[in-house]
Structure formats: structure tokens, C-alpha cells
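Here is a short briefing to read alongside the sequence and the structure. Take a look at the fold before moving on to the notes, which are grouped by topic.

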Amino acid sequence: MIESRILCQLGRVAPCVLAISLSITPGVAAGDSEEAWAALVKGGHVALIRHGNAPPGYGGDPPGFKIDDCATQRNMDEKGRMQSRAVGEAFRQHGVRVDKILSSPWCRCLETARLMALGPVEGTMAVAASDRSPERLVALKQMVSAWHGPGTLVVVTHALTVQGLVGIMPGQAETVVIRPKLGTEPGVEVVGRIPVTE
């Protein structure tokens, strides 16, 4: 914050804004989480869940990784496994009916989905989309906007998938709850966000 004040005094508007934005950690309002849980309990919504903690965070996978070989990928650590179990337990405590669980085929996503222990997990590339795979992102948007329940569709995926779909970069093991938009064009809107409880 001291650096941001100095930059402001020097009249460097762009660096000032950047310094201030980097010094503030965005939080999730309590009402935001409550509305998200209420929507999941009601059914007919989609829970986009980013996989649990997988160091080094935003680094992606090592060069030459193989989708069918977990040893070559960036994987969850014990913190990520605890987060995944906590997410599943929170769903059970809130009484969320889960009708279907789709997961990216990356090992950190599959492990997250399985440790949540909410039902059978289907691994599919359909939910591993980003702005680097625009066709897959369009197909994913159509799929989630067509979901009407009666229960919840759980999609365990990556930060870039959630960002490409709804413009939010979620924390590891964070849940973003969405619902289909009304109208003829496929689309979704964000209901709320649920941070992981560790």
C-alpha cells in the first residue's frame, strides 16, 4: 500500500491502479455464498468446481506430459486432497442433490471429483475447454446452458475453463454456481461463488 501511495503522488495513474489492485485480495461476500448454496439445493443449476490445490498453481503441466499418465502431470498435494473432501462434505451438509458429475480427464480434476465422493465420475475432454479451444468452449456453454436438473450438474475443471465460460478466475477448489439464461441463445449467468472451507 505504501508503494501504491507513492505511485499515486507521482501521478502515474496506470501503475497506481495496478499497484492498488494487486494489494487487494478479492473476497466472496457471505450473501453470495448463501445464494449459491440455495440455488444448488433447489436444483437445476451447474456447479463449476476448480480442482484442489496443485502446486505450483498457475504453472500448467510439465513439458511432454501425457493425459493418461498422472506421473507426468501437475498433481494435487495433500492440501488439495483435503480441500476436495471438504467440498464434497459441504455439498452433503447442505443437502445438494447431485445428478451428474463430469470431470476434465486431467488427474488433478479426476482426483478432486472422486475425493468429493458425490457419485460416479465421468471423465471427458468436453469440460476441459478454454479460450485456446474455442470450439470446445462453445460446446461446453451449450451443454451447461441446457442443464435443467432436476438436481445439480457438477463440472470439475480448470481455472481457465471457468474463466473462459463466465469470466471468473476461481481459486483452487472454489465453486462457481451458474444457471441457464432465459432466451433462445445458449448462455449462462453466475448465481454466486463458494470458497473452499479447509
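Does C109 count as buried or exposed? C109 has 0% relative accessibility, which is under the 20% cut-off, so C109 counts as buried. Keep in mind that this is a predicted model. The notes below start with the overall fold and then come back to the cysteines.

**Overall fold**

- The protein chain holds seven helices and six strands.
- Read from the N terminus, the elements follow the order α-α-α-β-α-β-α-β-α-β-α-β-β.
- The protein chain has 198 residues, and 45% of them count as buried.
- Taking contacts between residues at least 6 apart in sequence, 63% join residues at least 24 apart.

**The sheet**

- The six strands make an open sheet with mixed pairing, and their order is β3-β2-β4-β1-β5-β6.
- At the edges stand β3 and β6, each with a single partner strand, so each has one side without a neighbour in the sheet.
- Strands of a sheet pair through backbone hydrogen bonds, and the pairing can be parallel or antiparallel.
- Strand β2 (residues 98–103) and strand β4 (residues 152–157) run parallel and are joined by five bridges.
- Within this pairing, L102 has V155 as its bridge partner in β4, while S103 has V156.
- Strand β2 also runs parallel to strand β3 (residues 122–123), with two bridges between them.
- L102 takes part here too, with E122 as its bridge partner in β3.
- To get from β2 to β3 the chain passes through α5, and this β-α-β crossover is right-handed.

**Cysteines**

- How many disulfides does the count come to? The count comes to one disulfide, and this disulfide joins C70 to C107 with an S to S distance of 2.0 Å.
- The disulfide is left-handed because the torsion about its S-S bond is about -85°.
- The two cysteines are 37 residues apart and link distant parts of the chain. C70 sits in the loop between β1 (46–50) and α4 (78–94), whereas C107 belongs to helix α5 (residues 107–116).
- The partners differ in burial: C70 is partly exposed at 37% relative accessibility, whereas C107 is buried at 10% relative accessible area.
- C109 is in no disulfide, and the nearest cysteine sulfur, that of C107, lies 9.3 Å away. A disulfide needs the two sulfur atoms within 2.5 Å, so C109 and C107 do not make a pair by this rule.

**Helix α6**

- Helix α6 (residues 134–145) has 12 residues, and at 1.5 Å a residue these should span 16 Å. The end C-alpha atoms are 16 Å apart, which agrees with that expected span.
- Which residues of α6 are buried? They are L137, L140, V144 and S145.
- These buried residues cover an arc of only 120° around the axis, so they lie on the same side of α6.
- The elements that cover the buried residues of α6 include β1, β4, α7 (159–166), β5 (175–180) and β6 (188–194).

**Backbone details worth a look**

- P55 and P56 are joined by a cis peptide bond with omega of about 10°. P56 is in the loop between β1 and α4, and C70 is found in the loop between these elements as well.
- Another cis peptide bond runs from G149 to P150, with omega near 25°. P150 belongs to the loop between α6 and β4.
- A117 is not a glycine, yet its phi is positive at about 55°. A117 is in the loop between α5 and β3 and is exposed, with 51% relative accessible area.
- A173 also has a positive phi without being a glycine, at about 70°. A173 lies in the loop between α7 and β5.
- Is A173 buried or exposed? With a relative accessible area of 1%, A173 is buried, whereas A117 is exposed.

Key
Residues are numbered from 1 along each chain as its sequence is written. This is a predicted model: local features need pLDDT of at least 70, side-chain atom pairs count only at pLDDT 80 or more; totals for chains, interfaces and linings use all residues. Side-chain values use heavy atoms; hydrogens and water are left out. Helices (H or I, at least four residues) and strands (E, at least two) are DSSP runs, numbered from the N terminus. Buried means under 20% relative accessible area, exposed over 50%, partly exposed in between (1.4 Å probe, protein chains only). Two strands pair if DSSP finds at least two bridges between them. A crossover is right-handed if, with the strands pointing away from the viewer, the path from the first strand over the helix to the second runs clockwise. The expected span of a helix is 1.5 Å times one less than its number of residues. The arc is that of the directions from the helix axis to the C-beta atoms. Contact means heavy atoms within 4.5 Å.
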